[in-house]
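Welcome, and please get your viewer ready for a short walk from one selection to the next. Keep a surface display and a residue picker at hand.

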Amino acid sequence: MAKILESLWWQRGVIYQVYPRSFMDSNGDGAGDLAGITSRLDYLADTLGIDAVWLSPFYPSPMADFGYDVMDYTDVDPIFGNLADFDVLVRQIHQRDLKIIVDFVPNHTSDQHPWFVEARASRNSPKRDWYIWAEGGADGALPNNWLSIFGGPAWEWDALSGQYYLHSFLREQPDLNWRNPQLKAAMLDVLRTWLERGVDGFRIDVAHYIMKDPFLRDNPLKAKAVQSLHKSLGEYDTQDHRYDKGHPDVHAIYKEIRKLLDDYSTHQPRFSVGEVHIFDWNQWARYYGANLDELHMPFNFQLLGVEWQARSIRRLVDSLEAVLPQGAWPNYVLGNHDESRLTSRLGPQGARQAAVLLLTLRGTPTLYYGDEIGMLEAQIPPENQQDPWGLRVPGLGRDGCRTPMQWEDSPNGGFSPPGVRTWLPLCPDYLEVNVKSQLSHPDSLLNLYRQLLMLRKSFPSLQWGDYQPLDATPEDCFAYLRTMAGEAHILVAINFSAHELDLEYPELSAGVVILSNYMDRDEPVHEGRLSLRAHEGALVKLAHV
Ligand code: NOJ
């Protein structure tokens, strides 16, 4: 047990992302809120068994991008409650031995943030340089060819002061200038404020965007569009985004942020995870810092786009293991508020394989609310669509993965009181797909997650052990060991095909199946022989190691 004690909560634990608008509405206004989250902590801590709750933004905001356009970094938007509600939530989270991670949005504010209002008032404003301004070219041409990820140019003309300002996202989200020392100091103060209020860590929004080319050079064009995300972003994908984000100076900022977090870690280990959409493994891994002195982890999004078959997934896991700097800790993500729902992407059988994979690989899993019951991507009729991205670029809307949590089959699914109009409609399948009904079905997806979370807690090798892929596997099977000296070793095998597979690992001798994603097996295996049914994933506790 010695080695596991050396691990930290964010390495051992499982992170659960709550989208506050959609988790639980405590006051019947159709939108979720902080008090609602507090009222559901028993579910998270006891029923499900996760370890840390990450809250997407709940700060005052005009909601042009549903809270990722922050107007005040240190308060709570009235939709979600107030600071007293936040303090209650933190206290109750800690009482249950859970951790709380909040979102930090460093790349941009809302255009209604007092800093921006002041900055745009005059070219001589003391806050002018807190944002990124540029002159137009001849005949009013844009300062350069940079594009907004949400469509159109990344520059907006400010008639009052006669310059353009940069917005990598919506025009209502002007980019901050982290090269300005006062701005940087103000943002570090934001972190301090929340640390003082007791938060355990930060999820850092588009962490790689905050430093851009100081000369604002044009991005080179690509001969052929290459996807920046898992979905095609149209014109945005025709550029090599060399200059509009990820400038190497970004690393000095994360070193400073890490130092700040370390200074606050004497009694309570604090943590940072960055949203870093970089798919070149070596560049991505740099965000850990050469001496593990930057982010504790950059989110690893590669499983979101991988071809769902054994060979590709193994290659992905092995590449990650190979690229990690010495001592760096891996992590995996299978869903979030920007991606279409896991069960819709992979189908019900894929979702069960995904649960096994996510909770047994070496690394911290992040689970998105509702994925544990297999919530589907909802089809939102045009008149109810909310996401500004989808409204601007049809097909890229993210409302479908942000619908209210499905707690039970009563009207509004236990999220809002019956009769209330919820901010997004519930996915109609909530009548069958909901927490209450899945708890009463022993083989439900929710019970599979609960079992996996329980086993992760019971077997140190699953939380903190080494990963060792097994080579002699059939083409369609991904199998690996999780091992730790002095602890039971666990073999994980997942059949990605629609036919039965026989595995033989005689050298692994005897063991016992402790879980199948069909939730119907607990028999011994002899002489390392294991049969897997179509799409089956199983965990075997090995008797001899
Ligand atoms: C990434 C967030 O995850 C997304 O929801 C948001 O729209 C952009 N950053 C802009 O903040």
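Begin by selecting aspartate 189, which is partly exposed, with a relative accessible area of 40%. Please bear in mind throughout that this is a predicted model. Aspartate 189 is found in helix α7. Now add glycine 140 to the selection: it lies 49 residues from aspartate 189 along the chain, and the two C-alpha atoms are separated by 38 Å.

**The cores**

Next, colour the whole of helix α7, residues 181-196. Which residues touch the most other members of the largest nonpolar core? Pick Tyr16, Phe86 and Trp178 to see them; the core has 142 residues in total. Helix α7 gives the most to this core, with 8 residues. A second, separate core has 17 residues, and you can find it by selecting Leu470, Leu508, Leu532 and Leu542, which are among them.

**The second largest cavity**

Stay with Leu508 and Leu542, since both also line the second largest cavity. To show the rest of that lining, add Leu491, Tyr505, Ser509, Val525, Gly528, Leu530 and Val540. The space inside is about 70 Å³. How many charged residues are in this lining? There are no charged residues there; the lining divides into 7 nonpolar and 2 polar.

**The largest cavity**

Rolling a probe the size of a water molecule over the atoms shows where empty space is left. In this structure there are 6 cavities of 30 Å³ or more, and the largest has a volume of about 280 Å³. To centre your view on the largest cavity, select Phe169, Val206, Glu275, Asp338 and Arg398, the closest to its centre of the 22 residues that line it. Colouring the lining by class gives 8 nonpolar, 5 polar and 9 charged residues.

**The largest pocket**

Now move on to the largest pocket, with about 740 Å³ of space. Select Asp240, His241, Lys245, Ile278 and Gln283, which lie nearest the centre of this pocket. The full lining has 28 residues, made up of 7 nonpolar, 13 polar and 8 charged.

**Strands to pick out**

Switch to a cartoon view and select strand β8, residues 271-274. Are the residues on its two faces buried or exposed? Phe271 and Val273 on one side are buried, and so are Ser272 and Gly274 on the other, leaving both faces of β8 covered. Add strand β7, residues 201-204, which runs parallel to β8 and is joined to it by 4 bridges. One pair to label is phenylalanine 202 and its bridge partner in β8, serine 272.

For an antiparallel arrangement, select β4, β6 and β5: these 3 strands form an open sheet in that order. At the edges are β4 (133-134) and β5 (155-158), each pairing on one side only. Between β5 and β6 (residues 163-166) there are 4 bridges. Label aspartate 158 here, whose bridge partner in β6 is glutamine 163.

**Last stop**

Finish at threonine 483, in strand β13 (residues 477-483). Why does threonine 483 count as buried? Its relative accessibility is 11%, and the cut-off for buried is under 20%. To see what surrounds threonine 483, leave aside its neighbours within four places in sequence and show Ser461, Gly465, Asp466, Gln468 and His489, with which it is in contact.

Terms used. Residues are numbered from 1 along each chain as its sequence is written. This is a predicted model: local features need pLDDT of at least 70, side-chain atom pairs count only at pLDDT 80 or more; totals for chains, interfaces and linings use all residues. Side-chain values use heavy atoms; hydrogens and water are left out. On a 1 Å grid over the protein atoms alone, a cavity is a set of points where a 1.4 Å probe fits but cannot get out, and a pocket is an open set with protein on both sides within 12 Å along at least five of seven lines; lining residues have an atom within 4 Å of a point. Grid points are joined across faces, edges and corners, and a volume is the space filled by probe spheres set on the points. Ala, Val, Leu, Ile, Met, Phe, Trp, Tyr, Cys and Pro count as nonpolar, Asp, Glu, Lys and Arg as charged, and the others, Gly among them, as polar. A nonpolar core is a set of buried Ala, Val, Leu, Ile, Met, Phe, Trp, Tyr and Cys residues joined through side-chain atoms within 4.5 Å. Buried means under 20% relative accessible area, exposed over 50%, partly exposed in between (1.4 Å probe, protein chains only). Contact means heavy atoms within 4.5 Å. Two strands pair if DSSP finds at least two bridges between them.
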